[in-house]
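Here's a walk through one chain and the ligand that goes with it. Have a look at the structure first, then we'll go through it piece by piece.

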Amino acid sequence: MTAALGPIEALRETRADVGCISPEMRYSLAVLSVSGIQFDYGSWAVLNGLEMQVDSGQVLAISGESGSGKSTLLHILAGLIRPDAGAVELDGARIDDLSERRRAAIRLRRFGFVFQFGDLLPELTIAENVSLPLRLMGRSRKESMNSAKEVLAELGIGELAERGLAEVSGGQMQRAALARALIHDPSVVLADEPTGSLDPDASATVLDALLRAAHDHELAVVLVTHDSTVADRCDRRTLLRGGRLVQQRSRQSQPG
Ligand SMILES: Nc1ncnc2c1ncn2[C@@H]1O[C@H](COP(=O)(O)OP(=O)(O)OP(=O)(O)O)[C@@H](O)[C@H]1O
Ligand SMILES: [Mg+2]
């Protein structure tokens, strides 16, 4: 068995897998593409032949009943669990069948995550939390903290950099969680109910920031939400039902 690699060695290994697509090809492909995804718990098919594509600069909303498999799908996209059948491709290269080590390296380098309750670490300041992905990628504390302050400022909360989690509102915390998801310039952001714990005003502010970031930085975003006001502002809306995604309708988002 190979010895476990640190994040930097793992990243070097990964570049060979994901860095071989030319910029021209990149824009001709969906950033994230899944086909024929099957995932069963025992005899129950949670995901059943699911197809999905997300382009750069596009926010795809996924809604669906509780237990329909939305979080399971995000875990498969992130390579945290493997589908029983089907394929997940990033920039046209299959990633679901790579080793755990390579999937972890791709996750660190190419994906950003936002969760319902932010999942920031209470013992760190906002800027320290936001800087974590860069620290994990081996960047110096100074460089990481400078980048953290820049991305916090871009999201309109630069003044919160030195505060602790207890000193910010829920909406500010979610924007900080978004900053952490964006700091390493990922290709894909996976967001599981990022506005689920917020009131409508705070929810709109976080969504504005996410839509603007997706469009400005050409991110492919998969956003799980129960909130039709949120889903309605995304570029594409889908419903997860019977283990598949059903397109609801398309519209241009309008970051406020
Ligand atoms: N480890 C597990 N073992 C067995 N069944 C599981 C396991 N994890 C999840 N499930 C089941 O798989 C189904 C899909 O779960 P998932 O968490 O993906 O749903 P969801 O759509 O995200 O729901 P919610 O909206 O409540 O977050 C659920 O019915 C759940 O009970
Ligand atoms: Mg869920």
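## Ground rules and overview

Two residues are in contact here if their C-beta atoms, placed from the backbone, lie within 7 Å. Keep in mind that this is a predicted model.

The chain has nine helices and 10 strands. Of its 256 residues, 44% are buried. If you take the contacts between residues at least 6 apart in sequence, 72% of them join residues at least 24 apart.

## Around ligand 1

Which residues surround ligand 1? The shell is made up of Tyr41, Val46, Gly64, Ser66, Gly67, Ser68, Gly69, Lys70, Ser71 and Thr72. Sorted by class, that gives two nonpolar, seven polar and one charged residues. Helix H3, residues 70-77, supplies the largest share of the shell, with three residues.

## Helix H3

Is H3 enclosed or open? Six of its eight residues are buried, so H3 is largely enclosed by the rest of the structure. The buried ones are Lys70, Thr72, Leu73, Leu74, Ile76 and Leu77. Two of these names, Lys70 and Thr72, also turn up in the shell around ligand 1.

Just after H3 comes Gly79, with a positive phi of about 75 degrees.

## H5 against H7

Two packed helices are described by the angle between their axes and the distance between the axes. For helix H5 (residues 126-136) and helix H7 (residues 170-182), the angle is about 30 degrees and the axes are 7 Å apart. Angles under 35 degrees count as roughly parallel, and H5 and H7 are therefore roughly parallel to each other. Their crossing is right-handed.

Who meets whom in this pair? On the H5 side you'll find Ile126, Asn129, Val130, Leu132 and Pro133, and on the H7 side Ala176, Ala179 and Arg180. By class, this contact of H5 with H7 has six nonpolar, one polar and one charged residues.

## H7 against H8

H7 has another partner in helix H8, residues 200-216: the two axes come within 8 Å and cross at roughly 15 degrees. H7 and H8 are therefore roughly parallel to each other too. H7 passes H8 in a right-handed crossing.

From H7, the contact uses Gly170, Gly171, Gln174, Arg175, Leu178 and Leu182, while H8 brings Ala202, Thr205, Val206, Ala209, Leu210 and Ala213. Class by class, the residues of the contact of H7 with H8 divide into seven nonpolar, four polar and one charged.

## The loop before H7

Glu159 sits in the loop between helix H6 (141-154) and H7. Is Glu159 buried or exposed? A residue counts as exposed if 12 or fewer other C-beta atoms lie within 10 Å of its own. Glu159 has 11 other C-beta atoms within 10 Å, so it is exposed. As for its place relative to Lys149, 10 residues away along the chain, the C-alpha atoms of the two are separated by 8.8 Å.

## Positive phi without glycine

Most residues other than glycine have a negative phi. Asp185 is not a glycine, yet its phi is positive, at about 55 degrees. Asp185 lies in the loop between H7 and strand E7 (188-192). With 14 C-beta neighbours inside 10 Å, Asp185 counts as partly exposed.

On the other side of that strand, in the loop between E7 and H8, is Glu193. Glu193 also has a positive phi of about 55 degrees although it is not a glycine. Its 19 C-beta neighbours inside 10 Å make Glu193 partly exposed.

## Gly196

Gly196 is likewise found in the loop between E7 and H8. With 17 other C-beta atoms within 10 Å, Gly196 is partly exposed.

What does Gly196 touch, leaving aside its neighbours within four places in sequence? Gly196 is in contact with Gln116 and His226. You can also look at Gly196 and Val224: they are 28 residues apart along the chain, and their C-alpha atoms are separated by 9.5 Å.

Notes: Residues are numbered from 1 along each chain as its sequence is written. Chains are lettered from A and ligands numbered from 1 in the order in which they are written. This is a predicted model: local features need pLDDT of at least 70, side-chain atom pairs count only at pLDDT 80 or more; totals for chains, interfaces and linings use all residues. A residue is near a molecule or strand if its C-beta atom, placed from the backbone, lies within 6 Å of it. Helices (H or I, at least four residues) and strands (E, at least two) are DSSP runs, numbered from the N terminus. Ala, Val, Leu, Ile, Met, Phe, Trp, Tyr, Cys and Pro count as nonpolar, Asp, Glu, Lys and Arg as charged, and the others, Gly among them, as polar. Axes are lines fitted to C-alpha atoms, for helices over the stretch in contact, and angles run from 0 to 180 degrees between N-to-C directions. Angles under 35 degrees count as roughly parallel, over 145 as roughly antiparallel, 65 to 115 as roughly perpendicular and the rest as oblique. A crossing is left-handed if the near helix is turned anticlockwise from the far one by less than a right angle, and right-handed if clockwise. A residue is buried if 20 or more other C-beta atoms lie within 10 Å of its own, exposed if 12 or fewer, and partly exposed in between; C-beta atoms are placed from the backbone.
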